[in-house]
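Hello,

Here is the structure we talked about passing on to you. Please open it alongside this note.

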Amino acid sequence: MILVVTGGAGFIGSTLCIKLKEKYPSYRIIAFDNLKRRGSELNLIDFKIRGIEFVHGDIRNSEDLNDLDGFDVLIEASAEPSVMSGLNSDPTYVINNNLYGSINCFNACLKNKAKLIFLSTSRVYPISNIEDASFIEEETRFSFLDNQKEKGISSAGISEDFTLFGARSFYGTTKLSSELFIQEYSSFYNLDAAITRFGVIAGPRQMGKTDQGVVTLWMAKHYWKQSLKYIGYGGIGKQVRDILHVEDLVALIDIQIHNISKFTGKIFNAGGGRSTSVSLMEMTSICQEITGNKIQIGSEIENRPADLRIYITDNSKIEREIGWKPLKTPSQIFSDIYHWIGENEKQLENILK
């Protein structure tokens, strides 16, 4: 089998390439990436050692994809992942990359009669509807209540039944638009495709920043004893996300590669779920326990654009229909990141520090 992973030198893409090559050494795996993300070039060494092919290309250029000489599955993991992208600047890049670039990938799948695995996002759900949800403030976090006016939301989180009507960020809109195009390609061109709306993904190999990769950022700041800041919602660090270990994501993609018929024509949410949800305050406690370091945490009351008080993935549908569920706990996720930073400190300090 020949697999192409677009965004293959990124955090999720590189992990997919390496883990799938370890499990299926006879598979030919091609990492396709434009190396725009700082730190992505470090993965090329690991690719060479493991026999993973690297192609320098950009999904915005259909010619780059046409140069690929045949493949069975394309895993589209090349998105510009920042929710802030385009909100305070020209949105052209995020639209060109996440929408037009994805369409180039769909066309490449048709040309090669290949399956498509599309990594979408929980950010397709509208911001104001989530923010208007009923919640309670607890000692270390905010939590959704069960009694809600909107369908598709409960204490278990956001399900696939939640409304899609409303503003969601340019990032979320480009991903939702791509989902709609996939449905057209599947209906009219018989494209076999899996669409999964992932929440926060975390783990080793992630080059965390303030606008994307907050779990790695939190651990890195504790590791090097640098300051952080609770931003928004009173500046007390009670906002919550569920976090999914990247290896749990790989396990799901593995199922999709080999059982795409279970996913074609459907859309699933997949995240850590309520059991692996953490607030910023709780993340701080976990990082302190693992590193032994206590750092200065500032406070900024004003909310950032497009931020959310709470996002938790309701995994009920995918657990029921597919049998997949996340296995890694928040402590395991943070611990894995801590050990990865320690093992690669010299290479990472100029990127994460």
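Below are some notes on a pocket, a helix contact and an aromatic pair.

This is a predicted model, in which local features need pLDDT of at least 70 and side-chain atom pairs count only at pLDDT 80 or more, while totals for chains, interfaces and linings use all residues. Residues are numbered from 1 along each chain as its sequence is written, and side-chain values use heavy atoms, without hydrogens and water.

The second largest pocket (an open set of points on a 1 Å grid where a 1.4 Å probe fits, with protein on both sides within 12 Å along at least five of seven lines) has a volume of about 500 Å³ (the space filled by probe spheres set on the points). Its lining (residues with an atom within 4 Å of a point) has 22 residues, and Asn 43, Asp 46, Arg 205, Trp 340 and Asn 344 lie nearest the centre. Helices (DSSP runs of H or I, at least four residues) that each supply at least two lining residues include H11 (330–343) and H12 (345–352).

The axes (lines fitted to C-alpha atoms over the stretch in contact, with angles from 0 to 180 degrees between N-to-C directions) of H11 and H12 come within 6 Å and cross at roughly 110°. That makes the two helices roughly perpendicular (65 to 115 degrees).

Tyr 185 and Tyr 189 both lie in helix H6. Their ring centres are 5.3 Å apart (a pair needs centres within 6.5 Å) and their planes are at 75°, so the pair is edge-to-face (over 60 degrees).

Best wishes

How values were computed. Angles under 35 degrees count as roughly parallel, over 145 as roughly antiparallel, 65 to 115 as roughly perpendicular and the rest as oblique. Rings of Phe, Tyr and Trp (its six-membered ring) pair if their centres lie within 6.5 Å; planes under 30 degrees apart count as stacked, over 60 as edge-to-face and the rest as tilted.
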